[in-house]
Structures are given as C-alpha cells and as structure tokens.
Amino acid sequence: MRAALGWCIESGEAQGGLELAGRLGGYWELRGHQLDGHRWMDELLAQPAAMLPTEARALALSAVGSLAASQGDDAWAEVVETESLKIWRELGDRLGSAGSLTALAGLAQRRGDMLRARTMLDESLVVRREAGDEWGTARVLHQLGDVAFEQGQYPMARAAYEESMV
C-alpha cells in the first residue's frame with residue numbers, strides 16, 4: 001500500500017491516492033498506525049490536484065478526521081470533517097453526508113454539546129433509514145442512546161439502545 005501511495009504522490013495521481021488512503025483510514029486507526037496514515041493523507045491532500053471537491057477528497061478528509069479524533073485532536077478533526085460534509089452535500093451524496101454528521105456529532109458530544117450532537121444524529125438517522133443502511137442505523141441509534149444517557153434521559157436511552165440491537 002505504501003508503494004502504491006508513493007506512486008500516486010510521485011505521479012500526481014492525487015485522486016486515486018486520496019481514495020486509497022481514505023479507504024485505508026479505518027485500517028490505520030484499528031492497527032494503531034494513526035501517524036503513518038496522517039502523514040500519507042497530509043501529503044496527498046497537499047497535492048494541487050487533490051484540492052478539487054471530489055468524492056475521493058471527502059472520503060480522505062473523513063478518514064483524516066477519524067484519525068485526528070482518535071489522537072485527541074478534536075479541533076482538527078472538526079475542521080476536516082466539516083469540509084468533508086460540505087463536499088458530500090455539494091455532490092448530493094446523502095450517505096456520505098450522514099457519515100460526516102455522525103462523526104461531527106461524536107465531536108460535539110465529547111465537548112458536551114448534546115443538543116448539537118442530537119440534531120446531527122437525528123439528520124443522519126433519517127438518511128440511513130431511508131437508504132436501508134442497517135449497520136449505520138444501528139450505529140447512530142447507539143450514539144443517540146449515549147447522548148440521551150448523558151442527559152439523564154434514561155427511558156429514551158434504553159429505547160435507542162434496544163432499537164439499535166434489532
């Protein structure tokens with residue numbers, strides 16, 4: 001993968017590199033390679049051809065946001081995830097937008113802004129249900145349960161958790 005990413009950078013194939021790096025984001029995070037992933041994505045995102053508001057850029061920005069959040073850099077995570085959301089919306093990609101909304105809701109929740117978190121999660125939930133995205137729906141419902149729990153709304157939390165298990 002490193003050879004492929006290196007080739008993308010050297011050859012100016014930024015869009016392909018962004019897509020590959022964006023899809024590797026979860027791998028880097030799960031395997032503890034956040035710094036490596038960050039380095040590759042930063043280098044790819046700095047390429048002139050990577051500045052276009054494309055699906056590949058939005059995907060890579062979301063991955064960078066996730067890596068940054070996992071490293072405790074919530075401020076940077078919010079910047080890149082907000083840009084990702086903007087691109088997804090410009091492209092009309094509702095599921096992409098739902099993913100960014102879920103990530104931004106998690107950041108708002110960590111800051112204690114439960115109203116903002118709930119608003120974004122509600123919007124994400126509508127999209128995921130309409131798309132028939134069962135895994136995404138369950139994930140958002142669980143996160144809504146967490147928000148309700150943190151607000152002391154235990155019956156609402158329980159209902160969200162139970163629905164997330166279906």
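The crossing of α1 and α2 is left-handed, and in this predicted model the two helices pack with their axes 9 Å apart at an angle of about 150°. Because that angle is over 145°, α1 and α2 count as roughly antiparallel to each other. Left-handed crossings are also found for α5 with α6 and for α3 with α4, and the model holds a largest pocket of about 640 Å³ and a second largest pocket of about 200 Å³.

**Packing of α1 and α2**

- Helix α1 covers residues 2-11, and Ala4, Leu5 and Cys8 are the residues through which α1 meets α2.
- On the side of α2, the contact is made by Ala14, Gly16, Gly17, Leu20, Ala21, Leu24 and Trp28.
- Sorted by class, this contact of α1 with α2 has eight nonpolar and two polar residues, and no charged ones.

**Packing of α5 and α6**

- The axes of α5 and α6 lie 9 Å apart and make an angle of about 155°, which means that α5 is roughly antiparallel to α6.
- From α5, the contact draws on Asp74, Ala77, Glu78, Glu81, Thr82, Ser84, Leu85, Trp88 and Arg89.
- From α6, the residues in contact are Gly96, Ser97, Ser100, Leu101, Ala103, Leu104, Leu107, Arg110 and Arg111.
- The contact of α5 with α6 divides into seven nonpolar, five polar and six charged residues.

**Packing of α3 and α4**

- Helix α3, which spans residues 34-45, packs with α4 at an angle of about 145°, and the axes of the two helices are 10 Å apart.
- The handedness of this crossing, in which α3 passes α4, is left-handed.
- Gln34, Gly37, His38, Met41 and Leu45 of α3 make the contact with Arg57, Ala60, Leu61, Ala63, Val64, Leu67, Ala68 and Ser70 of α4.
- Eight nonpolar residues, four polar residues and one charged residue make up the contact of α3 with α4.

**The largest pocket**

- About 640 Å³ of space lies in the largest pocket, whose lining consists of 26 residues, with Ser62, Glu81, Gly99, Ala103 and Arg139 the closest to its centre.
- Two or more lining residues come from each of α2 (14-30), α4 (55-70), α5 (74-91), α6 (94-111) and α8 (134-150).
- Helix α6 gives the most to the lining of the largest pocket, with nine residues.
- By class, the lining of the largest pocket has eight nonpolar, ten polar and eight charged residues.
- Two of the residues named as closest to the centre of the largest pocket, Glu81 and Ala103, also belong to the contact between α5 and α6, with Glu81 on α5 and Ala103 on α6.

**The second largest pocket**

- The second largest pocket, with about 200 Å³ of space, is lined by Gly22, Arg23, Gly25, Gly26, Glu29, Leu59, Ser62, Ala63 and Ser66.
- Both α2 and α4 supply at least two residues of this lining, and α2 gives the most, with five residues.
- The lining of the second largest pocket divides into two nonpolar, five polar and two charged residues.
- Ser62 lines the second largest pocket and is also among the residues closest to the centre of the largest pocket, while Ala63, another lining residue of the second largest pocket, takes part in the contact of α4 with α3.

How values were computed
Residues are numbered from 1 along each chain as its sequence is written. This is a predicted model: local features need pLDDT of at least 70, side-chain atom pairs count only at pLDDT 80 or more; totals for chains, interfaces and linings use all residues. Side-chain values use heavy atoms; hydrogens and water are left out. On a 1 Å grid over the protein atoms alone, a cavity is a set of points where a 1.4 Å probe fits but cannot get out, and a pocket is an open set with protein on both sides within 12 Å along at least five of seven lines; lining residues have an atom within 4 Å of a point. Grid points are joined across faces, edges and corners, and a volume is the space filled by probe spheres set on the points. Helices (H or I, at least four residues) and strands (E, at least two) are DSSP runs, numbered from the N terminus. Ala, Val, Leu, Ile, Met, Phe, Trp, Tyr, Cys and Pro count as nonpolar, Asp, Glu, Lys and Arg as charged, and the others, Gly among them, as polar. Axes are lines fitted to C-alpha atoms, for helices over the stretch in contact, and angles run from 0 to 180 degrees between N-to-C directions. Angles under 35 degrees count as roughly parallel, over 145 as roughly antiparallel, 65 to 115 as roughly perpendicular and the rest as oblique. A crossing is left-handed if the near helix is turned anticlockwise from the far one by less than a right angle, and right-handed if clockwise. Contact means heavy atoms within 4.5 Å.
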